[in-house]
Amino acid sequence: MNVSRKKTKGITESVESDSLQLLLEFRHRVRACCEEARKVNGKPKIVYLWLCVTERGIGHGGPSGANGSGASTLALHEWLTIVDEAASMGADWLVLTLLTELGRHPDVFRIAEWAQKTHGMTIGFHLGVPTLTDAETRQLERFDRQKTRIMVRREDLDKMRHLQDLGFTIWTANPQEEGGKPDCQGPARMIYVNAKGELYTCGLVDGHPDYRMGHALERPLRAVVADPSVPHYVDESIHTVSPACDGCPSLVANFFRDNL
Ligand code: SF4
């Protein structure tokens, strides 16, 4: 099923902004359709959706901002549609890299909740700010522990012990030393969307014009992924582990295979 942006917009406009209740009533129907589309020739194609959140939020500076006619922000229903599209292509992981406090933008929780409850996706909260308020911890407790991972840099792992006591699995966001060739699965199985809603080959090359694949609102993700004219690989000359690889699902998954 093609979950169109127009349909999703219509759904989300009919509910209060602080509630996903009505949206969740559609979850079984949407999920059933996505399960059908999840495999290509019997094998998963896209596995990971990786979104980046900054202090300003997610989705600032969309297509209208890019051409100078004023910045735009992706609305919640547009992010949910991106999740739907990625799920229909096989993605069963959503990683949210937060370069700001976890609770600063409540839509982060709504997007994650939609991904987990509608599509059964495993959620990775990659905390660039490795401290949590009580309110943020309570928000996390709404998520299925079996399908939630908390990621922080190695030096911050001790700050997350209380989440471990609550049953969460904590992963190292930077499992590999910087400077070497990444032991990652590469970007081919991943869709990366930065804080402006721009698509890049992966987090390592975020902001690098040679690796920009477009904007999430320009055309369906499926068309972008299938387009041979946009970059799908990172050149060997710059394929080196850096902090920009932190939280990369394609990297982290290779180090935590035992409890994926
Ligand atoms: S961000 Fe780094 S680890 Fe992830 S796919 Fe790109 S090069 Fe590999």
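This dialogue concerns a predicted model, its sheet and its ligand site.

Reader: How do you know which residues are counted here?
Author: Residues are numbered from 1 along each chain as its sequence is written. Local features need pLDDT of at least 70 and side-chain atom pairs 80 or more, while totals for chains, interfaces and linings use all residues, and side-chain values use heavy atoms, without hydrogens and water.

Reader: What makes Trp50 a residue around the ligand?
Author: A residue is near a molecule if one of its heavy atoms lies within 4 Å of it. Trp50 belongs to this group, as do Pro182 and His239.

Reader: What classes make up the shell around the ligand?
Author: Ala, Val, Leu, Ile, Met, Phe, Trp, Tyr, Cys and Pro count as nonpolar, Asp, Glu, Lys and Arg as charged, and the others as polar. The shell therefore has nine nonpolar, three polar and no charged residues.

Reader: Why are β5 and β6 called paired?
Author: Strands (DSSP runs of E, at least two residues) are numbered from the N terminus, and two strands pair if DSSP finds at least two bridges between them. Four bridges join β5 to β6, so these strands pair; they run parallel. Gly124 stands opposite Arg149 in β6.

Reader: What makes β7 and β10 edge strands?
Author: Each pairs on one side only. The open sheet has the order β7-β6-β5-β4-β3-β8-β9-β10.
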